[in-house]
Each structure stands twice: as structure tokens, then as C-alpha cells.
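Visitor: Before we discuss any labels, could you show me the model, and then let me ask how each description is justified?

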Amino acid sequence: MPVPQAPSGNPPWLAAVQQHDPQFGASYQGMRERILKDGAIPAKYKFLMGMVTDTIAAHPDGVRSLADNARAAGASEAEITEAVEVGYLYGGTAALVMGVNAFPGN
């Protein structure tokens with residue numbers, strides 16, 4: 001059985017949180033690593049879920065970084081494309097426009 005891997009890369013805003021409150025930052029980081037590693041749900045799907053959430057919530061940087069994390073965890077371009085489509089289904093055209101941030105060069 002493979003050893004669960006911690007998520008790659010921290011969100012860019014975490015450095016500011018850690019600078020202002022190192023104890024809280026470390027606590028958040030530990031919880032994030034525990035939740036996002038492979039478990040009953042593989043890490044790549046957890047990142048895709050986060051990507052869909054950020055697509056609907058209109059967070060372009062989050063969409064981009066979560067798509068990259070999903071790729072690093074083994075998600076295919078087809079899986080990322082379908083996740084963008086799921087975001088569109090639940091979030092409408094605005095989510096589709098946000099979802100294209102998952103694709104390199106956008």
C-alpha cells in the first residue's frame with residue numbers, strides 16, 4: 001500500500017498568516033496536510049473538489065494553484081477539464097469563466 005503524500009505547495013496567503021501568528025499558521029498547515037493527503041478519497045480528487053469550490057467562489061489564484069496541485073497528485077487534463085465543467089454546472093457561466101484559470105496560459 002502506498003504511503004499517503006502531503007499536499008504539494010502551500011497556498012500563497014499562508015506565509016502572511018504564519019508571519020502574523022506562527023502558532024495558528026502551523027496549526028492550519030498541519031490540518032491542511034492531514035486532510036489533503038491520500039485517504040478514503042485520493043488527494044487528486046480533494047484538490048479537484050477545492051478547485052470546483054474556488055471556481056464557484058470566484059478565486060482565480062486558488063483555481064490555478066489547486067489545478068496545479070491536482071496535476072502534481074496525478075490528475076489528468078481530462079479530469080481537470082471535467083472538474084471545470086462540474087463547476088459550470090453548479091455555478092453557471094461565471095464559474096466557467098473562472099474555471100479556465102485551471103488551464104496553463106490563462
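Guide: In this predicted model, the chain has six helices and zero strands, and reading along the sequence gives the pattern α-α-α-α-α-α.

Visitor: What makes helix 3 oblique to helix 5?

Guide: The axes of helix 3 (residues 43-56) and helix 5 (residues 77-91) cross at roughly 40 degrees and come within 9 Å. Angles under 35 degrees count as roughly parallel, and 65 to 115 as roughly perpendicular, so the crossing angle makes helix 3 oblique to helix 5. The crossing of these two helices is right-handed.

Visitor: Which residues in helix 3 and helix 5 meet, and how do they divide into nonpolar, polar and charged?

Guide: From helix 3, Lys44, Tyr45, Leu48, Met51, Val52, Thr55 and Ile56 take part, and they meet Glu79, Ile80, Ala83, Val84, Val86, Gly87, Tyr90 and Gly91 in helix 5. The residues of this contact comprise 10 nonpolar, three polar and two charged, where Gly is counted as polar and Tyr as nonpolar.

Visitor: Why does the radius of gyration of the chain agree with that of a compact globule?

Guide: For 106 residues, a compact globule would have a radius of gyration near 13 Å, and the chain has 14 Å, which is why the two are said to agree. Along its principal axes, the C-alpha trace spans about 40 × 40 × 25 Å.

Visitor: What does UniProt list for residues 22-97?

Guide: The unreviewed UniProt entry lists "domain: Carboxymuconolactone decarboxylase-like" for residues 22-97. In the model, that span is 82% helix and 0% strand, with its end C-alpha atoms 36 Å apart.

Technical notes: Residues numbered from 1 in each chain as written. Predicted model: local features only at pLDDT ≥ 70, side-chain atom pairs only at ≥ 80, totals over all residues. Heavy atoms only, no water. Axes fitted to C-alpha atoms, helices over the stretch in contact; angles between N-to-C directions. Helix = DSSP H or I, 4+ residues; strand = E, 2+ residues; numbered from the N terminus. Parallel < 35°, antiparallel > 145°, perpendicular 65-115°, else oblique. Left-handed = near helix turned anticlockwise from the far one by under 90°. Contact = heavy atoms within 4.5 Å. UniProt positions renumbered as here; feature names shortened; annotations may be inferred. Rg over C-alpha atoms; globule rule 2.2 N^0.38 Å.
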